[in-house]
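Follow this account with the model open. The text begins at one ligand, moves to the domains, and ends at the other ligand.

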Amino acid sequence: MLQLPKSPPKVTMRLSLEEAYEECRQITAKYSKTFYLGTRLMSEAKRRAIWAIYVWCRRTDELVDGPDAKQTTPETLDLWEARLEAIFAGHPQDELDSTLTDTLQRFPLEIQPFRDMIEGQRMDLYRSRYETFEELKLYCYRVAGTVGLMSEGVMGINRAASTAPWAEGPYHPTQEAIALGIANQLTNILRDVGEDARRGRIYLPLEDLALFDYTERDLLEGVIDERWQALMQFQIQRARKYYLQAEEGISALSPDARLPVWAATILYSNILTEIERNQYDVFNQRAYVPSWRKALCLPVAWLRAQAL
Ligand SMILES: CC(C)=CCC/C(C)=C/CC/C(C)=C/CC/C(C)=C/[C@@H]1[C@@H](COP(=O)(O)OP(=O)(O)O)[C@]1(C)CC/C=C(\C)CC/C=C(\C)CCC=C(C)C
Ligand SMILES: Nc1ncnc2c1ncn2[C@@H]1O[C@H](COP(=O)(O)OP(=O)(O)OP(=O)(O)O)[C@@H](O)[C@H]1O
Ligand SMILES: [Mn+2]
């Protein structure tokens, strides 16, 4: 389903565009129940665009995080970037690429966030520690804030919203879209601390570990004590600060985008609550929002989407 060609294949399309979009839908449903649920609340045109973007992002992430990651070199990412340029130039190299080329004809997306995402994956090739939160924030912008920019381009803005007389035009919630991506990535990092530690990776800023007198060795050994709980609560509070900043911008999105974005935001941020419920044990269990609790989030998302 998500196999990445090892080298640029000759351009052969075994699927129609419709079949390719259906494959994008299946990949999104398979790899992220939360975001897939969000897309089901969107219009047909917007959900197809998000599926196409999700697949490109997932394939990009799998180059460094997937089963074949050991074969990925900086040159692999250079080739992937050239392939991205081809997609934007209207020359997709396979049917999954062609859904993004098709999406670009419907939604005016900039290429830069896609390039920045690849730059974030390059960081994963050579970095396994982050000294400061500023360094981690740059990584989070690149692998997730960029997704916010891509998504905002599809969601569209609320042009009917009153514009201040001194403003040039409708408000674009760019910083809030980036903030939601960063909030989601910080959540993902906290959820996957154990999985990443087992691969020798620590995303939590080392300056934060030192603040709570918790060592790298403690983390790699999965030590859970008051120091760990205080460190995790600090991390969770910071992630929630980014969610709060993001929520300011959701009302600036087009009306039909508010419900799906509120739903995805509430669902993903609830992973933090699940981590708290698990007493911050992210080493032996993977925090996730059970389906019944996901369902309970939907009426809340609907109410938040009504409030301007
Ligand atoms: C509802 C909606 C529009 C969702 C966007 C879905 C989308 C295109 C997601 C792409 C995700 C992806 C595969 C990115 C590659 C790098 C990566 C893995 C990033 C991390 C995602 C985790 O995904 P998942 O949970 O499936 O990963 P694992 O299970 O760990 O394998 C990230 C945490 C990034 C997610 C970032 C976003 C979804 C951006 C959200 C921002 C918006 C929708 C902007 C909304 C606009 C305003 C104004 C707030
Ligand atoms: N990458 C994974 N590794 C281990 N378990 C996973 C993974 N993805 C999902 N699961 C498991 O699948 C079940 C559903 O979790 P969840 O709803 O978070 O799925 P998901 O696809 O990971 O959603 P999202 O990616 O949006 O968080 C849980 O039991 C979760 O532990
Ligand atoms: Mn997932």
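In this predicted model, a polar atom in the side chain of Arg 58 sits 3.0 Å from an oxygen atom of ligand 1. Ser 32 also places a side-chain N or O atom 3.4 Å from an oxygen atom of ligand 1, and Tyr 31 contributes through its backbone, with a polar atom there 3.3 Å from a ligand 1 oxygen. Ligand 1 would expose 1000 Å² if taken alone, and the protein buries 94% of that area.

The elements that each supply two or more residues to the shell around ligand 1 are helices H3 (44-65), H7 (133-155), H8 (174-191), H12 (226-250) and H13 (255-277). Of these, H8 gives the most, with eight residues. The shell has 34 residues, and those that come nearest to ligand 1 are Ser 32, Arg 58, Asn 188, Arg 191 and Tyr 268. Sorted by class, the residues around ligand 1 are 20 nonpolar, eight polar and six charged.

Where does ligand 1 lie with respect to domain 1 and domain 2? Residues of the shell come from both domain 1 (14-112) and domain 2 (127-165 + 175-308), so ligand 1 lies between the two.

The domains themselves can be taken next. The domain assignment of the chain gives domain 1 as 14-112, and domain 2 as two segments, 127-165 and 175-308. Their C-alpha centres are 22 Å apart. In the contact between them, 18 residues belong to domain 1 and 19 residues to domain 2. Together the two domains bury about 1600 Å², and carbon and sulfur atoms account for 72% of it. On the domain 1 side, Thr 34, Leu 41 and Lys 46 supply 32% of the area buried against domain 2, more than any other three residues.

Thr 34 leads on to ligand 2, since an N or O atom in the Thr 34 side chain is 2.8 Å from an oxygen atom of ligand 2. Ser 32 has a polar side-chain atom 2.7 Å from an oxygen atom of ligand 2. Tyr 31 again uses its backbone, with an N or O atom 3.4 Å from a ligand 2 oxygen. Alone, ligand 2 exposes 580 Å², of which the protein buries 64%.

The residues around ligand 2 are Tyr 31, Ser 32, Lys 33, Thr 34, Arg 191, Tyr 268, Arg 286, Tyr 288 and Lys 294. By class, three of these are nonpolar, two polar and four charged. Domain 1 and domain 2 each give at least three residues to the shell around ligand 2. Ser 32, Arg 191 and Tyr 268 are among the residues around ligand 2, and they are also among those that come nearest to ligand 1.

Technical notes. Residues are numbered from 1 along each chain as its sequence is written. Chains are lettered from A and ligands numbered from 1 in the order in which they are written. This is a predicted model: local features need pLDDT of at least 70, side-chain atom pairs count only at pLDDT 80 or more; totals for chains, interfaces and linings use all residues. Side-chain values use heavy atoms; hydrogens and water are left out. A residue is near a molecule or strand if one of its heavy atoms lies within 4 Å of it. A polar contact is a pair of N or O atoms within 3.5 Å; within protein, one must be able to donate a hydrogen and the other to accept it, and residues adjacent in sequence count only if both atoms are side-chain atoms. Accessible areas come from the Shrake-Rupley method with a 1.4 Å probe; for residues, only the protein chains shown count as cover. Ala, Val, Leu, Ile, Met, Phe, Trp, Tyr, Cys and Pro count as nonpolar, Asp, Glu, Lys and Arg as charged, and the others, Gly among them, as polar. Domain bounds come from an automatic or database domain assignment. Helices (H or I, at least four residues) and strands (E, at least two) are DSSP runs, numbered from the N terminus. Contact means heavy atoms within 4.5 Å. Buried area is the accessible area (1.4 Å probe) that two parts lose on being put together, summed over both.
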